Amino acid sequence: MKTDKVKLLDVVALTVDIPEDKLFKGQVGTVVDILADGTAYEVEFSDRNGRTYESLGLSADQFMILHFEPINPNSTSEMITTKV
């Protein structure tokens, strides 16, 4: 995580393995609390049915925020088509 400001309910992905908690790079979680004046974050990891299987405190360098829209508000989407 470099320049994004982490907010409650941000969807994030691990950038490191945390094998002692059975969590690995790429696993997706949700920020559910901001801790230590914004230097740590409680991230909850849930299965497809919404059941939490792990919740732990992480520092911002252990995850990245996932974006579902273009980051640059001036960027435009283009449709890409392929011939079959």
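Strands here are DSSP runs of E, at least two residues long, numbered from the N terminus. Two of them pair if DSSP finds at least two bridges between them. With that in hand, look at the model, which is predicted.

Start with the β3-β4 hairpin. Five residues lie between β3 and β4. In that turn sits G50, with a positive phi of about 85°. The two strands are antiparallel, and six bridges join them. Take one pair: F45 has E54 in β4 as its bridge partner.

Now step back along the chain. β2 covers residues 28-35, and β3 covers residues 40-46. They form a hairpin too, with four residues between them. A36 is in this turn, and its phi is positive, about 50°. The pairing is antiparallel again, over five bridges. Here V31 is matched with V43 in β3.

Next, β1, residues 11-14. With β5, β1 makes three bridges in the antiparallel sense. Look for L14: opposite L14 stands F63 of β5.

Put the pieces together. What is the strand order in the sheet? It reads β4-β3-β2-β1-β5. The sheet is open, has five strands, and its pairing is antiparallel. Why is one side of β4 and of β5 left without a neighbour in the sheet? Both stand at the edges, β4 at 52-58 and β5 at 63-65, and each has a single partner strand, so one side of each has no neighbour there. As for twist between neighbours, strands are turned by 40° against each other on average, direction ignored.

Terms used:
Residues numbered from 1 in each chain as written. Predicted model: local features only at pLDDT ≥ 70, side-chain atom pairs only at ≥ 80, totals over all residues. Heavy atoms only, no water. Axes fitted to C-alpha atoms, helices over the stretch in contact; angles between N-to-C directions.
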